[in-house]
Each structure stands twice: as C-alpha cells, then as structure tokens.
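Have a look at the structure below and turn it around for a moment. We'll walk through it one spot at a time.

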Amino acid sequence: MKTELQERADALTANLQRSIDACFEVLRSIGQLYGSAEWVGRQDFERFVQPVLRRHASIQALEWLPRLQECDRPLFEQTIQAEGYPNFQVTERKANGQLIRAAVRPEYFPVAYVEPLVGNELALGFDLASDAIRRTALERARDTGAIAISGRVELVQETQRQFGFLVILPIYQGLPETIPERRDRLQGFVLGVFRVADVVRASLSGLNLDNINFFLCDKSDQPDEAFLATYEAQSKRVLSSPAEEQDFQKHYSFGQEKLPHQDNSICSRSFTIADRHWSLLLLPTSAYVDREELYKQSRSLADAATAEAEKLKQVLLNLQQTQARWFLEKRLIAGGVGLVFLVLGSVNLIAHRSITRLTASTTGMERNYSTLANLSRLLAIATDAETRLDAEVSAEALPAVAEIGVGAIAPEVASLRQSVALDAAQQSRLDLLEPLIARRVDLLQQARLQPESRASDRQLQRQIQRLIGEMEQVERSRLQQWEMQAAASVRSIFLINIGGIFVSAALLVWVYSLLHRQINERQQVEVALFEANSQLEIEVQARSAELAQTREISDLKQRLFSMVSHEFRTPLSTILLSTQLLSGSSEDWTEEKKRKNLSRIQSAAKTLAQLLNDILTLNRAEAGKLEFRPEPLDLEPFCQQMVDEMQLSTGRSQIEFTQYGHVTQAHLDSKLLHSILTNLLANAVKYSPSDSIVLLSLIYNPGSVVFQVKDYGIGIPPEDQQRIYETFYRSKNVGDIAGTGLGLAVVKTCVDLHGGQVSVTSAIATGTTFTVTLPQ
C-alpha cells in the first residue's frame with residue numbers, strides 16, 4: 001500500500017511542479033516581449049497574454065507592474081485614466097482590507113495592466129510594494145534577476161478569504177550582471193497571480209486520490225504561515241483559507257521531522273518551486289485499502305447486491321399488502337365524502353325552514369306593531385277631537401271641528417281594518433268600535449249646545465276605550481308569541497350550523513387522515529423502490545464496468561501477445577540468422593557482405609529498442625512516473641538532426657524540413673519531443689510510397705510552437721481517426737504493413753505531458769497530416 005501511495009505522491013508532486021513551471025515559461029515569453037519591443041502598450045499586452053490564459057486555466061491573472069517614481073505619479077495616473085479607467089489611482093490596502101489611495105513613497109510598483117480584467121478590477125492600481133510579503137518577493141526577484149515566488153497572500157481581487165501566491169519576473173533595461181546594476185536598470189515586473197486552490201485542482205486531473213487527504217505547505221515560510229491548502233477526499237474539495245489553517249496547525253507541524261500521532265502509511269514529498277521549498281503530506285484515511293482487499297470488496301459488493309435484492313423483494317410484498325388496504329380505504333373515503341355532502345345538505349334544509357319561520361315571525365311582528373300604532377293613533381284622534389270641542393269655539397265653527405274629527409278618524413280606521421284583515425275577532429271588535437267613535441263625535445258636537453248630554457258621552461267613551469284595550473291586549477299577546485318564535489328560530493339556526501360544522505369537520509378530518517396516511521405510505525414505498533432501484537442500477541453499472549474493464553484488459557493482453565509474438569519475433573529472427581551466418585561462414589565473406597549483415601543486426605536491434613521504449617513510455621505514463629523536464633531547445637538543428645536520423649535508419653532521402661516564423665528558443669522536453677517526432681516520421685515513411693516525399697514543418701507562433709508531419713500515403717479512414725491514439729489500435733487499411741499500434745499512443749501521451757494538442761487531417765489514398773501544437 002505504501003508503494004502505491006508513494007506513486008500517487010510522486011504523480012501529484014510532478015503535476016504541481018508542471019502547473020507552476022508552465023507559468024514560468026509564460027512569464028519568460030512575456031519578458032521576451034518586453035525585451036524585444038521598445039514599448040508594450042495595453043492592447044499589445046492583452047493580445048499577447050489572452051491565448052496563454054486560455055491554455056492555462058489555473059492562472060488567475062497576468063499583470064504588468066512598472067517602476068514608478070513619486071514625481072511621475074500624477075502623470076501616470078492621468079495617462080491610465082485617459083485610457084478609459086476614470087477612477088484609476090495608485091492604491092494600497094489598510095489592515096481591514098479596504099483599498100485607499102497610496103501614501104507618499106519614493107517608489108511604487110502599481111498594477112498597470114491586468115488580464116483578464118473581469119474579476120480582477122480591484123487589483124488595477126494596487127501598489128505591491130505597500131505590502132511586506134509582496135515587497136520582499138519583488139526585491140528578491142529584482143536582486144537575483146530570476147523568477148521569484150511570494151509567500152502566501154490574500155489577493156486584493158479576492159472576494160472570499162483564501163490563499164494565493166505570486167510568480168514574479170523582473171524586467172530590466174539591457175542585461176545587468178550585478179545587484180547594483182539590476183536595481184538601477186529595473187523597469188518593472190511581470191506577475192503571474194495564482195489561487196492556491198486552483199493550482200491544486202488543476203494538478204488533480206487524471207489522479208486517483210480516493211480516500212487520501214493531503215496538505216500542501218511552504219517550508220520556506222514561518223511555521224505559523226506555512227499552510228497553503230488541504231484536500232478532503234470525502235468531499236473531494238480543495239480548501240485554502242485561514243479556517244483550514246487552524247485545523248492544520250492543531251494536528252500537524254511541518255517544522256518537525258516527525259509529526260505527532262502518525263503511522264507508517266503517511267507519505268511526504270518535498271520539492272522546489274523557483275526559490276521556495278514546498279512540501280506535500282499525503283494522509284490516507286481509514287477507508288484506504290490496497291489491492292489485496294479487492295477480492296473481499298468484490299465479495300462484499302456481491303453480498304450487498306443480494307441484500308438489496310431481498311430488500312426489494314420485501315418492498316414489493318409490502319406494496320401488495322398496502323395496495324389491498326388502500327382498496328378498502330378508498331371506499332371509506334368515498335363514503336365519508338358522500339356523508340359530508342349529506343350532512344351539509346340536511347343542515348342547509350333545516351336552516352332554510354328555520355329562516356322561513358323567522359321571516360314569518362318578523363312579518364307578524366311588523367303587522368302587530370302596525371296595528372298597535374293604529375289603535376294608539378285612533379285613540380289619540382278621539383281624544384284630540386274632545387279637546388277641541390271643549391275649547392272656546394263659536395257656534396259657527398262647530399260643524400268644521402266635527403268635520404275635522406271625522407276626516408281624521410276615517411283613514412285610521414281604514415288602516416287599522418287593513419292590518420287586522422286576517423283576524424275575524426279583531427274585525428268584529430273594529431266593526432263595533434267604528435260606529436261608537438262616530439257616535440261620540442256627534443255627541444261631542446251636541447255637547448257644546450246641550451250640556452246635559454255629557455253623561456251619555458262619558459259612557460260612550462268608556463265603551464270605546466274598552467274595545468281599544470281589548471284589541472291592544474290581543475295584539476300584544478300575539479306580538480309576544482311572534483317574538484318567542486323568532487328567538488326560537490334564531491337559536492335553532494345557530495345550533496344547526498354549529499352541529500353541521502362539527503360533524504362536517506369531524507368527517508373531513510377523518511377523510512384527511514385516511515388520505516394523508518395513504519400519501520405517506522405511497523411516498524415511503526416510492527422512496528424505498530427508488531433507493532432499491534438506484535442501488536441495483538449502481539451495482540449493475542459497477543459489474544458492467546468491471547466486465548468491460550476485464551474484457552478490455554483481456555483484449556489488450558491478446559493484442560500485446562499478438563504484437564510481441566510478431567513484432568519481436570521478426571527482428572529477433574533477423575538477428576539470430578545474421579549472427580549465425582557471421583559465426584559460421586564469415587571467413588569467406590567480403591567486408592561489404594559483413595557490413596550488410598551487421599547493418600541488419602543493428603536495424604533489428606533499433607526496432608526492438610524502439611518497441612521497448614514505446615512500451616516503457618506508456619507504462620511509465622500510466623503509473624505517473626513519466627517525468628516532464630522542459631529545457632531550452634534550439635529547434636531548427638534539433639529537427640534537422642531528427643530528419644537525418646530518420647533518413648539514415650529508413651534509407652529514405654525524400655524527407656524534407658522547412659521552417660516558418662521568427663526563430664526563438666523553445667522550452668520543451670527533448671526526450672519527449674524526440675519520441676513525438678520519431679513516431680510521426682516513422683509512420684509517415686511506413687505508410688507512404690517509397691518514392692513519395694515526407695515533409696516536416698516547424699512553425700513559430702506567439703505562445704506556441706507547431707510541428708507538422710505530412711505524407712502522401714494511404715491515409716486514415718474517417719471512422720478510424722477517432723481511435724488512432726488508442727493503445728494497439730491500427731487502421732483497417734494498413735494491410736500487411738508491419739506495426740505495433742503504439743506509436744500514436746506514445747505521441748498523444750508525450751503531447752499531453754507538454755500540455756499541448758495533436759490533430760490529424762487525412763484522406764484515403766491522398767495522405768495524412770499530423771499537427772502538434774506545444775505551448776510556450
């Protein structure tokens with residue numbers, strides 16, 4: 001297990017170095033831009049770095065920091081503002097993180113250009129010399145004349161608290177050699193800005209770190225500021241913030257050789273990035289297992305699949321039982337809903353009857369009140385007539401007074417008769433009352449002229465009052481009955497509504513409980529079915545993947561054995577036959593014949609060596625041990641040497657080399673580049689007629705170098721072009737042409753290590769062109 005862990009540590013370390021080394025080459029290319037041009041404007045800087053940023057996603061920003069004196073600061077700020085940045089000024093950061101106008105200092109190094117601008121706006125104008133960590137890195141780069149890396153910093157443009165670092169390249173006037181000359185001729189700095197988490201994530205591509213946590217630290221810094229990032233295998237997250245630093249310092253100390261409470265499974269690696277020393281600590285979790293436990297895991301997975309199948313079977317049985325219960329509950333729910341409607345209908349019918357009675361009671365009460373009012377007015381009119389006749393009225397006015405009394409009584413009697421129209425007893429009393437009232441009015445007219453008739457009038461008045469009293473008593477009794485009936489109707493309506501509400505609510509609650517239980521049970525069953533189905537799908541996918549992997553391994557083994565048996569046997573047979581001939585009859589051979597046999601042996605040995613080299617290259621790449629070590633290369637003589645070697649080994653003289661673009665020194669891995677060009681040229685020669693031309697072209701582009709190998713051979717079928725980089729895969733039209741199917745796989749591997757791209761353009765019987773683009 002530890003060996004496998006060490007392999008992963010080596011691969012992760014190499015990826016980290018490669019990610020940051022790529023930025024070194026980017027900065028050097030920008031440095032060459034500044035060295036070859038008298039002035040680099042903002043647009044020049046933008047056009048140059050944008051293709052680079054697209055290729056290197058881990059770079060947060062690329063910046064240009066000119067050297068600025070205090071006396072030049074106002075003009076510098078005005079110039080930048082005129083370029084479309086009206087709020088530009090040289091800034092510094094306070095302790096709380098707020099950006100303010102920079103204080104007066106003799107010298108500044110503000111960010112004048114930054115790409116991309118989006119997301120890095122706050123960095124524009126920031127004076128890196130205002131921060132101690134940044135200033136230290138700038139001074140170190142200035143005095144050494146080489147790339148320097150800062151300690152960890154919190155980036156100005158960062159909206160969340162996480163760590164970053166800066167890669168710094170100084171730019172001078174001329175080529176100063178001493179520290180005083182460098183300080184005097186310094187023009188500024190080219191800066192690469194990184195988030196630590198982004199660099200680590202980019203380095204994880206293609207690595208299997210299941211159940212392996214790790215910490216990344218800067219051993220060049222103080223122990224309490226050494227932490228850079230951590231990786232959590234469970235959540236597959238890269239974390240780089242003060243919160244994780246506290247957890248790291250709580251458990252581990254990179255300042256010690258032996259870390260507390262650790263075991264032998266821990267693996268650490270130290271490596272150098274420019275002028276700083278970083279350290280990587282891998283910590284496998286308790287779930288980390290080696291290959292010896294794979295069989296147990298497979299058996300455990302099989303047992304788990306069986307358990308899941310049993311669980312699914314039980315879920316289905318429970319579902320059948322639940323469905324049977326649901327059938328009964330559906331009937332109960334339908335009956336409950338019908339009962340609710342029945343109760344509500346009954347309540348409404350009874351309430352309607354009660355309201356009808358209440359309406360009748362109200363009408364009767366209104367009629368009784370009207371009758372009582374009429375009686376009262378009738379009595380009042382009779383009394384008023386008597387009062388008028390008792391007054392001092394002349395004989396001439398008596399007929400008019402009497403006429404007024406009769407005229408007022410008649411309408412009231414008519415209204416009273418209408419209000420008691422439905423009551424025969426009251427009608428009879430009214431029939432008796434009406435002539436009595438008329439008679440009394442006549443007596444009152446006579447009483448003024450004949451005082452002796454007053455006694456008869458009093459008797460008549462008592463009869464009228466008695467009849468009116470009887471009518472009033474009857475009406476008041478009926479009014480009381482109507483009032484009692486109205487009160488009873490109101491009470492019954494209230495009780496009916498309350499009872500109906502409670503009964504309906506109880507029924508609805510019961511129906512809701514049944515529905516709620518059904519819904520919950522359905523959801524539980526659906527969840528259980530979904531989980532069981534998902535688990536089974538996962539198991540099926542896992543088994544299918546294992547089966548596919550097993551088949552692929554079997555196919556690869558078969559291809560490997562077939563290739564080895566053929567490709568190894570032929571050159572070995574050539575070597576064996578030639579050595580036997582040389583040992584048996586070489587005394588009679590001429591020198592020319594001996595040289596031919598030795599040449600065959602050498603050619604066969606080279607073929608075997610190339611085949612073994614391809615296999616080892618692919619094996620090391622798969623294990624993560626194939627190293628990428630770029631170095632300055634003069635490509636023109638390198639390519640010419642490759643052409644000469646290929647002409648010598650193949651005996652083909654029609655291999656031509658051409659060059660396009662401005663000649664610059666490239667930083668590439670010479671061994672990997674040799675493998676790329678060797679395999680491409682060998683394939684071009686192999687699959688093209690012996691009298692045709694093979695072309696090798698070298699093209700210099702800003703930020704990249706392009707190699708093209710073109711032949712006029714058999715071509716590659718379109719359906720095979722997507723698979724030509726697979727191991728042991730060969731096109732269908734190769735016929736009897738010998739080959740291993742490894743060459744293009746090696747090319748793809750070596751190009752990927754450079755971070756480049758390879759593409760192909762081909763047509764049957766016309767030829768093939770391979771284009772390899774390697775970034776700089």
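## A charge over a ring

Let's begin with Arg-152, which lies over the face of Phe-163. The distance from Arg-152 to the ring centre of Phe-163 is 4.2 Å. Keep in mind as you read that this is a predicted model, so every number here is computed from it.

## The whole chain

Now zoom out. The chain contains 15 helices and 22 strands. It has 776 residues, and 42% of them count as buried.

How much of the contact in the chain comes from residues 24 or more positions apart? Counting contacts with a separation of 6 or more, those residues account for 69%.

## Rings that pair up

Ready for some aromatic side chains? A pair of aromatic rings is described by two things: the distance of the centres and the angle of the planes. This structure holds ten aromatic pairs. One of them joins Phe-165 and Phe-194, with 5.0 Å from centre to centre and 5° between the planes, and it is stacked. Phe-165 belongs to strand E9 (residues 163-172) and Phe-194 to strand E10 (residues 186-195), so this pair ties together parts that are 29 residues apart in sequence.

Are these two rings buried or exposed? Phe-165 is buried because its relative accessibility is 1%, and the cut-off for buried is under 20%. Phe-194 is buried too, because its relative accessible area is 0%.

Next come Phe-271 and Trp-278. Their ring centres are 6.3 Å apart and their planes are at 75°, so this pair is edge-to-face. Both Phe-271 and Trp-278 are buried. Put the names together and you get one aromatic cluster, formed by Phe-165, Phe-194, Phe-271 and Trp-278.

## Empty space inside

How many cavities of 30 Å³ or more does a search of the whole structure find? The search finds two. The largest cavity holds about 70 Å³ of space.

Which residues line the largest cavity? Among them are Glu-63, Arg-134 and Gln-157. The lining also includes Val-111, Ala-123, Phe-126, Leu-128, Leu-155 and Val-156. Leu-166, Leu-191 and Val-193 are part of the lining as well.

## Asn-15 and its far-off partners

Back towards the start of the chain, Asn-15 sits in helix H1 (residues 2-36). Asn-15 counts as buried because its relative accessibility is 12%, and buried means under 20%. In sequence, Asn-15 and Ala-202 are 187 residues apart, yet their C-alpha atoms are 8.2 Å apart in space.

What does Asn-15 touch, if you skip residues up to four places away in sequence? The answer is Ser-203, Ser-205 and Leu-207. With Ser-203 we can be more specific: a polar atom of the Asn-15 side chain lies 2.9 Å from the backbone oxygen of Ser-203.

## Thr-768 in strand E22

Our last stop is Thr-768, which is found in strand E22 (residues 767-775). Thr-768 is buried because its relative accessible area is 4%. Its side chain makes a polar contact with the side chain of Ser-762, at 2.8 Å.

Ser-762 isn't on its own here. Leaving aside neighbours within four places in sequence, Thr-768 is also in contact with Val-760 and Thr-761. Further contacts of Thr-768 include Val-709, Lys-710 and Asp-711, along with Gly-715 and Ile-716.

How values were computed
Residues numbered from 1 in each chain as written. Predicted model: local features only at pLDDT ≥ 70, side-chain atom pairs only at ≥ 80, totals over all residues. Heavy atoms only, no water. Helix = DSSP H or I, 4+ residues; strand = E, 2+ residues; numbered from the N terminus. Buried < 20%, exposed > 50% of the residue type's maximum accessible area, 1.4 Å probe, protein only. Polar contact = N/O pair within 3.5 Å; in protein donor to acceptor, adjacent residues only side chain to side chain. Contact = heavy atoms within 4.5 Å. Phe/Tyr/Trp six-rings, centres within 6.5 Å; stacked < 30°, edge-to-face > 60°. Lys NZ or Arg CZ within 6 Å of the ring centre and 35° of its normal. 1 Å grid on protein atoms, 1.4 Å probe; cavity = no way out; pocket = protein on both sides within 12 Å on 5 of 7 lines; lining within 4 Å. Points joined across faces, edges and corners; volume = space filled by probe spheres on them.
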